[in-house]
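Thanks for coming. I will take one structure today and go through a pocket, some charged pairs and a patch on the surface.

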Amino acid sequence: MQEYTFAEVKQHNKEEHGVWLIIDGLVYDVTKFKDHPGQFDILLMHSGTDVSKKFHSIHGKDVHALRDKFVIGKVVRSADEADANFEVPNQYVDADVPTYYYLLPVAVLCAILYFIVFARQPQA
């Protein structure tokens, strides 16, 4: 598999230079993905960067087959990046979703059930 440094990926941040993204340590060339459901502009806006967390917070596993059609290589640390806080992400990255967000649907359901039960009881 072809290897690219983060600096090389950063250079592909315009349509004329190519639109490359990093997801889970792999490099994707999405220059020709003009029919992206979220519009091509969103890919262009984040080109040349690691979008792992954003990707996983928006997309499910059902898009992995489509995503894998665009892989061109993997990210490696260059000698210049050795001293920087550069980190090649793990294959699977958790989205930045606070734990309490998972409780919100439960709280809403409890509130609805509470009002249904107590709204039907006769007033004393």
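I start with the largest pocket, which holds about 440 Å³ of space. Its lining counts 20 residues, and those closest to the pocket centre are L21, H36, L43, F55 and H59. Four elements give two or more residues each to this lining: strand 3 (18–23), helix 2 (40–45), helix 3 (52–58) and helix 4 (64–67). Which of them gives the most? That is helix 3, with three residues. Sorted by class, the lining has 14 nonpolar residues, four polar ones and two charged ones.

Before going on, I should say that this is a predicted model. Now the overall layout. The protein has five helices and six strands. Along the sequence they come in the order β-α-β-β-β-α-β-α-α-β-α. The protein has 124 residues, of which 30% count as buried.

Next, the charged pairs. In general, side chains of opposite charge can pair when their charged atoms come close. How many salt bridges does a search of the whole structure find? The search finds three.

One of them is between E3 and K74, where the closest N and O atoms are 3.8 Å apart. This pair links distant parts of the chain, because E3 is in strand 1 (residues 3–5) and K74 is in strand 6 (residues 71–76), with their positions 71 residues apart in the numbering. Buried or exposed? Both fall in the middle class: E3 is partly exposed at 43% relative accessibility, and K74 is partly exposed at 32%.

Another salt bridge joins the side chains of D24 and R67, again at 3.8 Å from N to O. Here too the pair links distant parts of the chain: D24 is in the loop between strand 3 and strand 4, R67 is in helix 4, and they are 43 residues apart. Both partners are buried. For D24, the relative accessibility is 10%, which is under the 20% cut-off, so D24 counts as buried. R67 has a value of 14%, so R67 is buried by the same cut-off.

R67 has a further partner. Its side chain also meets that of D68 in a salt bridge, at 3.3 Å from N to O. D68 is partly exposed, with a relative accessible area of 40%. Through the shared partner, D24, R67 and D68 are joined into one network.

D24 deserves a second look for its backbone. Most residues other than glycine have a negative phi. What is the phi of D24? The value is near 55°, which is positive, in a residue other than glycine. As for its place, D24 is in the loop that runs between strand 3 and strand 4 (26–29).

Last, the surface. A nonpolar surface patch of about 980 Å² is made by L104, V108, L109, I112, L113, Y114, F115, I116, V117 and F118. I116 can serve as an example. This residue is in helix 5, which covers residues 104–119. Its relative accessible area is 40%, so I116 counts as partly exposed, and that value is over the 30% needed for a residue to be part of a patch.

To recap, there is a pocket of about 440 Å³, a network made of D24, R67 and D68, and a nonpolar patch of about 980 Å² on the surface. That is where I will stop.

Key
Residues numbered from 1 in each chain as written. Predicted model: local features only at pLDDT ≥ 70, side-chain atom pairs only at ≥ 80, totals over all residues. Heavy atoms only, no water. Patch = residues over 30% accessible without salt bridge, like charges linked within 9 Å, V, L, I, M, F, W, Y side chains within 5 Å. Areas by Shrake-Rupley, 256 points an atom, 1.4 Å probe, with all protein chains shown as cover. Salt bridge = Lys/Arg side-chain N within 4 Å of Asp/Glu carboxyl O. Buried < 20%, exposed > 50% of the residue type's maximum accessible area, 1.4 Å probe, protein only. 1 Å grid on protein atoms, 1.4 Å probe; cavity = no way out; pocket = protein on both sides within 12 Å on 5 of 7 lines; lining within 4 Å. Points joined across faces, edges and corners; volume = space filled by probe spheres on them. Nonpolar A, V, L, I, M, F, W, Y, C, P; charged D, E, K, R; others polar.
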